[in-house]
Amino acid sequence: MSDVVEKTLSALPSLLSLDTQAGAGKLSPSSKLGNLIKGITELTSKHEEEKLIKKELESIKEQVASPNTTMRQMKEIMVRAIYCEMLGYQASFSYIHAIKLAQQGSVLEKRVGYLAVSLFLNETDEFLLLLVNTVLKDLQSTNLIEVCMALTVVSQMFPKDMIPAILPVVEEKLTHPKEIIRRKAVLALYKFYLIAPNQVQHIHSKFRKALCDKDPGVMTASLHIYLQLIKENPESYKDLTGSMVTILRQVVGGKLPLDFNYHSVPAPWLQIQLLRILAYLGKEDQGTSEMMYDVLEESLRRAEMNHNITYAILFECVKTIYTVHPKSQLLEKAAECIGNFVLSPKINLKYLGLKALTYVVQQDANLALPHQMTIIECLDHSDVIIKRETLELLFRITNAQNVTVIVEKMLEFLRLTCDDYSTIDLVGKVAELAEKYAPDNVWFIQTMNSVFSLGGDVMQPDIPNNFLRLLAEGVDNVEDRQLRLFAVDSYVSLLQGETAKLPQRFLQVISWVLGEYSYLREEESDPGSVMRLLARLLDQRHTSTETRSWVLGAMTKLCSSPVSVALARDVCERYSGSLNTVLRQKAQELMILSQDTKLRARVLPAESRLESLEVDSSLSFLDGYVSEALAAGAAPYKSPHQRQEDLVQEKALSLEPYGLSLPVSLSSCSITDRLSPTLLSMSSGLSGNSTELSHQEGSTTLKLEGVKRVWGKDGYLAQQQSACETPTPLVELPSPLLSPQTPPSQTQKPSSGLEPDQEKRQLASSLFVGLGSHNSVCLMGRVETAPRHFRRKPRGESSSGASEGSSDSSHSSRSAAVDNLLLSNLLDSTTVASEGGAASTTTPQQTSQRTLDHTTSNGNPLVEGTEQRVEAGGPLSLIRGNGMVAVVPPTHTQTDPQTQQDLHPAPALERRRDLSLTSHLPAELSGLARSEFTPLCSDQDSSLALSACRVYKEDALVLLVFISNNNDSALHQMALQLTCKELEISCISGSPLKEVKGHSVSVCLHTVVMKRASVQVELAGLLSYQRPLGQPQAAQFSLSLSLKHFLRPLTVSTGDYGKMWLSFSHDLKQNLRLVTTEHQEPLTATLDALKGKLHLHVVDIIGSEGIVACRLLQGPGQGQPCLLHCRVHADSLAVWLRSPVPELPDSLLYHCQKALTET
C-alpha cells in the first residue's frame, strides 16, 4: 500500500500543477493534500474516515470563506474538495468557488476550476448558468489551452437551453487551423446532437466536411455523429457508403499514422465504428452491400492476431456480415470465426462466441447445430456469465418442440442463482416462452407456479398481470374451464400446505384466482373450504397488508353459503377497526355484501361473470357535464404532454399584461369535433388473423397480420383435438411446484450404462430439435413468427378470413443464401461403409453434387436414394452433426450413363449384390415403390452382410433387413432387435430367426410408423448369431430415417380441405424460395418439386395460391393430416401449415426448405 501511496503523491503535482516551482517533482509530505491522503490510508475503520473527512471539510469551508485566500491557494483547496467528493462526501459549499476559480484564475487555475465544475455539477444544475459567459469568453480567446478547456466542458456538460448562445462560436471552430480544436468542436456538436438534435439540423453539411478532414482525429470524431444519424435514417446517407468503405480500407491497410495503432493493430476502435456504420447502411440493400464485401473480407483476413482487440474487430465483422445482404463466401468465413470463438478454451473468447452466436441465430438458427455439444457443456460451466449467455442463446432458438427442455434448464439456473438481475431477466423469459409455446394446460400452470415461486417479489409486475388476464379472457368452453379448474385445484393444494415461503405476489395471484373461479369446484360436502383457507392466510404474520386486501376481495366473491357468511362475519369483526383504510374499506364491503344477498347478486352476479363488457372509450356519458363546465368558463382539457410543454414555456418571464377573464363559449371550444362515441365491445367479431380492418382503417389500427388463430367461436382451440377425446378425470393432482412435465423422450434420465457423450447428445437432440424452420423469437424488439399457444384475445372472438404472414424479400434471400451455404456442411454429411467395414466420409461438395430428385409415381417414389449410417462391428452409431444424412441418387434415373457414373460410382460387386437381393423381395412387395439397398454392416471376413431396404405402403413404411450368409456353414440362434423411442416397430415375419443356411439370404420384415413427428430419427439394430463351433457374436448397426419417409399424399376435395383447415389449431408460417423454370409458372413448379420430393398431394391451384395436403404415418389408422396453404408473395412463397399435431408443421417445414434448396 505504501508504494501505491508514493506513486499517487508523485503523480499528483504533474497532473494538477500543484507546485509550479522548478524541480518540484513530488508532492510535499507537509502539504495539506499529502497529509489528507496519508491520513486516510492509515485509518482502520469507516467511522474514523468520516471523522477525518468532516474535520477536513470544516477546514476547507473556513479557508474558502476567508478573504485572504489567493487563487493559488484556492486551486489547492479545490483539489482537496475534489478528493473528498470522490470519497462520497458532499462539499456543496465549494461549488460556487469552483466556478469563480474557472472565471478569474490563470490558465493553470482555470484548468483545476473547470475540472472541479465538471466533477461537481450535472447538466441540470442551476450553477451552470453562471458559467455560460465564462465559456463563451474562453471560446473566443486566442489562447489555445483556454479554447480547449472550454470545448471540453461544453462536450461534457452544458445546459440544453444555453446551446443557442454558444452554437455559432462552436461552428466557427470547425474551420480552426489547429486539428485539436476542430476535433473538440466536432465532439461538442455531437453532444449537442444527443441532447437537442433539432438545434444542429442546419449544419449537417459541415459534418460532411469534418468527415473529409485531412486529420484522422477529426474524421474519427465525426463518425460518432454519423453513427447516430445513419442509425436513425440510413436511407438518407446511402451515398456515403463509398466514403466509409474507402476509409475502412485505408485503416485496415495501415495508412494511418502509427499513433493510432494499438498493439500493432491499426486504429481498432475506428474499425469497429466503421463496421457498425456499414452494417446499418448495408442492411436489406443488396446494391450497397456489394460495395463493402471486399473490405469486410479483408478485415476478417487481417484481424488474425491473438489479441483481445482483434477479437473485438472479428466480433464486429461477424455481426456486420450477418446484417448486410448475405454473400456465401463471407457467411462461411464468419461461421468459421464463430466456431473458433465457441471452441476456444479461453472463457472470454467462449463468451464472445456465444454472444455472436446469439446474435446470428436470429437470422439462421442452423448455425447453432454444429456447436450442440459445446453449448451443452456451457450449461454446466463454472462461470455464471457463460451459463447466462448460453441460456440467452437457447431462448433465441426455442420452439414448440424444445420448449419443455429449455424452460427446465432456465428454472434450474433460477433455483441456484441469487442475483436479482438474472432472476428478473430469466423469469420474464420463462413466462414469455410458457405463454407462447405451452404444450398443454397442466404444463403451463405448473411452469407459471414455478415462475411466481422463484421470481418472488422482484419480478416485473406485468408477469402476474398478464397471467391473470390470460385466465380471465376467453369464453366459457371446456378448454377454458379445464385451465381455470386446474389452476384452482393447484392453488387450493398450495394453501393447504406451508405458505410462509410463498412470495406475496404469488399469494395475490392465488387469492384472485380462487375468488373468481372457485365456483368451478364441486364442493357440496364442504362449500366453505376455500373460505377457511383464505381466512387462515389472513391470520398469518408473513402476509402483507396489500395481500390481505386481495384476500378480502376474494372472500367478498365467495360469501354465498351460510358457512361462508359466518366466516365472513368473523373476518369483518377483526378488520373493521383496522388502522389501514384499505383493509377497513374491504372489510366493510365484505360485511354488507355477505348480509345482503340481493345486493351481492346485483353487484357480483355469478351467472354473468363471463359475459362480454361494453366499454365506452370516448366517455360519451360525460358530454353533458363537459358542455356545462365549458360554458361556465372551465379550461379545455389538455393532455399531459401539452401541459408539460406549457410548463416549460412558463419558466421564462412574461412581461405581457394579463388578459381579461372571459368565459369560453361552446362555439369556440365545441366537443362536436371529437370522434363520435363508439362502444368497443370486448367480444367483437374481429379475429386475430383478419387483416381487413387494418387495411380499411389505415396505420392507426392494430395490425394483426401473421398472428396465429387460437380462439374461435368454440373457444380456445389449442387443445381442440384432445378435447374430442374422453377426458381423464383429475383424481390425484400433481404438485403445482414440481418441475414442468415434459415428454419422456425429453426428460427421461439415461441409464447408468450410457456414456457421458451419449447423454449429452440426447440432451442436444432435445434442445436443438425443430431449428430448420428458421423461426426466431425475441424478448426485446424482435420479429416473432412463431405461433403463440396461449394468445390473449377478447372473449367471444370469432375467426375471420386467414391472412398470410409475409416477410420482406431480403429476409427470403438471406435464408436462401444461408441454406445454400450450410446444407452441404450441416445437413448432408453421410458415412458410407467400404467393403472392409471401414467408414469413409464424403465431402460436402461431393454430397451436394450427388443429391438428385426422386422419380415419383402417384406421389410415391419408385426408388429413393440411400440414407445410411454405418459403423461395422462397433458401438451404436451416433448422429453426426445435426443428424442429417445425404441422399444418394437412384440407379434408375434418366441421367446420362457417363454422368451417372461420375455422380455415383458403384463397383460391379455392389451392382451384382443389388440384383441378387432384388430376387428375395416378397412377392406382395415387389410391385411397390422402394428405396435402394443400403449396406448396414458386415463381419471381419465378410461372410455375413446386412442390408436394408424401405418399401412404401399406403398405411406404413415396411423396413426389410436382408441377412446374407456368404459362408458354407449355417448361422444359428439368430435374433434381430430394432429399437427407436420415436418409432413404433412391428415385426411382420422373419424374426426371431432360427438359422440361415450357407450361401443364402433371409429377410426380416418390419412395419414402422412414427410415434411423434420428428425431422430425423435414428434406428438402432442388433443382430446376434452363432456359427458352428464358435462363440456367440453380435453385429450392431444404425439407420437414419427421415420424416419424408413417413409422409403420404392426402387426397381430399377443396370443400373437405376447408373444413379440416378450420378444425386444426397448430399452425406455422414461413417464407420459402420459389422454383423458377422456363416452361412452368413459379407456383406450379414449386408445388411440383414439393410433390415429388415429399410425396404431397396438390389439391388445387387458383391464381397465385395453391393448397396442398399430406398425412403422416403416425399410430393406427390413416395417420395425422397436415395442410399447406401456399401463396406467391413478391419473390418468395408464403407457406402456412396447419395440423392437429403440434410438432408436424415445424418438422415438415424443415423438409420443405431443404427440398426447395436442393431443387
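Two strands count as paired if DSSP finds at least two bridges between them. With that in hand, here's a quick tour of some strand pairings in this predicted model. One stop is an open sheet of 4 strands, and the other is the run of pairings around β26, a strand with 7 of its 10 residues buried.

**The four-stranded sheet**

- Reading across, the strands go β18-β16-β20-β21, and the pairing is antiparallel.
- The edges belong to β18 (995-996) and β21 (1032-1042); each has a single partner strand, so one side of each is left without a neighbour in the sheet.
- In the middle of that order, β16 (residues 971-979) and β20 (residues 1016-1026) are joined by 6 bridges, in the antiparallel sense.
- If you want a spot to click on, try H972, which sits opposite Q1026 in β20.

**β26 and its partners**

- Strand β26 spans residues 1120-1129 and is mostly covered.
- On the β25 side (residues 1105-1112), 8 bridges hook up with β26, and the two run antiparallel.
- E1105 has R1127 of β26 as its bridge partner.
- R1127 turns up again in the pairing with β27, where its bridge partner is A1134.
- That β26 to β27 pairing is antiparallel too, with 7 bridges, and β27 covers residues 1132-1139.

**The turn between β26 and β27**

- These two strands form a hairpin with 2 residues between them.
- Which residue of this hairpin takes a positive phi? That's A1130, with a value near 60°.

Notes: Residues are numbered from 1 along each chain as its sequence is written. This is a predicted model: local features need pLDDT of at least 70, side-chain atom pairs count only at pLDDT 80 or more; totals for chains, interfaces and linings use all residues. Side-chain values use heavy atoms; hydrogens and water are left out. Buried means under 20% relative accessible area, exposed over 50%, partly exposed in between (1.4 Å probe, protein chains only).
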